Amino acid sequence: TVTWRSEVSVDGRTVICAYDEVDDERFQGLSTKVKYEINETGDTFTTTLHVINNGSQSLTITPGFHPYFMIDATDVALNGNRIDVADFNPFQSFPDTTSIILETAGRPVTVLSENLTYMVVWTDAKGEYLCIEPTVRGNAFDSRREPRLGGMTPGGTIEYSFSIKW
């Protein structure tokens, strides 16, 4: 429901997507930018989310990214441990985790973040993929989780980022 505007950098290695205002009353004053960039050597993709609360009320946010990775379902390891995707619990949490190494078909990919320290790995087994999600606190809006996240104060800004290295 939000119209994003995009900007491509001169070097062709960075794309910024942004929106400045949300029509939804629950999120009035929220603006954000998402920056996607490839590093100089071309072996790291970084996504940075910059959130600004321009409103007059606190906002509760719980960012999470959802990168999907195509896999060979017969040859998958997480952090060096082989997994059987057919028997994989469809939703596994890794709290206090800053990186996960996915290896499939002999190719390692590392998902890492310094400030998104709760990783979630899931699949619905309907396709040959795994999703490795760097988050603030998993499904933090789940009412069974305690303590709840605090609000983002009016005028506050927060930045979150994660990288994929191959």
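# Exercises on a predicted all-strand model

Among the 27 residues of the largest nonpolar core, those that touch the most other members are Phe69, Leu78, Leu102, Val111, Val121, Leu130 and Ile132. The exercises below start from this core, and the coordinates they use belong to a predicted model.

## Exercise 1: The core and its elements

Determine which elements give two or more residues to the core, and which of them gives the largest share.

Solution. Begin with the chain as a whole, which has zero helices and 13 strands. Next, assign the core members to these strands: two or more residues come from each of β3 (30-38), β4, β6 (76-78), β9 (99-104), β10 (107-112), β11 (118-122), β12 and β13. The largest share is that of β13, with three residues. As a general background to this step, nonpolar side chains in soluble globular proteins tend to be buried together. Then take Val121 as an example and set aside residues up to four places away in sequence; Val121 touches Leu78, Phe88, Pro90, Phe91, Gln92, Phe94, Ile100, Leu130, Cys131 and Ile132. Finally, place the core in the context of the chain, where buried residues make up 38% of the 166 residues, and where 54% of the contacts between residues at least 6 apart in sequence join residues at least 24 apart.

## Exercise 2: Aromatic pairs

Describe the geometry of the pairs Phe65 with Phe162 and Tyr68 with Tyr129, and state where their members lie in the chain.

Solution. The count comes to five aromatic pairs. In one of them, Phe65 and Phe162 are 4.7 Å apart centre to centre with 40° between the planes, and the pair is tilted. This pair links distant parts of the chain, since Phe65 is in the loop between β4 (44-53) and β5 (68-70) and Phe162 is in strand β13 (residues 157-165), 97 residues apart. Both Phe65 and Phe162 are buried.

The pair of Tyr68 and Tyr129 is also tilted, at 5.3 Å centre to centre and 55° between the planes. Because Tyr68 lies in strand β5 and Tyr129 in strand β12 (residues 129-135), the pair ties together parts that are 61 residues apart in sequence. For the burial step, apply the limit of under 20% relative accessible area for buried residues: Tyr129, with 18%, is buried, whereas Tyr68, with 48%, is partly exposed. To complete the description, ring pairs link Tyr68, Trp122 and Tyr129 into a cluster.

## Exercise 3: Thr135

Establish whether Thr135 is buried or exposed, and list what surrounds this residue.

Solution. Thr135 is found in strand β12, and with a relative accessibility of 4% it counts as buried. When neighbours within four places in sequence are left aside, Thr135 is in contact with Pro63, Gly64, Leu116, Thr117 and Tyr118. A polar atom of the Thr135 side chain also lies 3.4 Å from the backbone nitrogen of Arg137.

## Exercise 4: Salt bridges

Find how many salt bridges the structure holds, and give the accessibility of the residues that form them.

Solution. The structure holds three salt bridges. Arg5 and Glu7 have their closest N and O atoms 2.8 Å apart; Arg5 is partly exposed at 35% relative accessibility, and Glu7 is partly exposed at 34%. For Lys35 and Glu37 the corresponding distance is 3.9 Å, with Lys35 partly exposed at 32% and Glu37 partly exposed at 25%. For Asp75 and Arg82 the distance is 3.0 Å, and here Asp75 is partly exposed at 23%, whereas Arg82, at 53%, counts as exposed.

Terms used:
Residues are numbered from 1 along each chain as its sequence is written. This is a predicted model: local features need pLDDT of at least 70, side-chain atom pairs count only at pLDDT 80 or more; totals for chains, interfaces and linings use all residues. Side-chain values use heavy atoms; hydrogens and water are left out. Rings of Phe, Tyr and Trp (its six-membered ring) pair if their centres lie within 6.5 Å; planes under 30 degrees apart count as stacked, over 60 as edge-to-face and the rest as tilted. Helices (H or I, at least four residues) and strands (E, at least two) are DSSP runs, numbered from the N terminus. Buried means under 20% relative accessible area, exposed over 50%, partly exposed in between (1.4 Å probe, protein chains only). A nonpolar core is a set of buried Ala, Val, Leu, Ile, Met, Phe, Trp, Tyr and Cys residues joined through side-chain atoms within 4.5 Å. Contact means heavy atoms within 4.5 Å. A polar contact is a pair of N or O atoms within 3.5 Å; within protein, one must be able to donate a hydrogen and the other to accept it, and residues adjacent in sequence count only if both atoms are side-chain atoms. A salt bridge is a side-chain nitrogen of Lys or Arg within 4 Å of a carboxyl oxygen of Asp or Glu.
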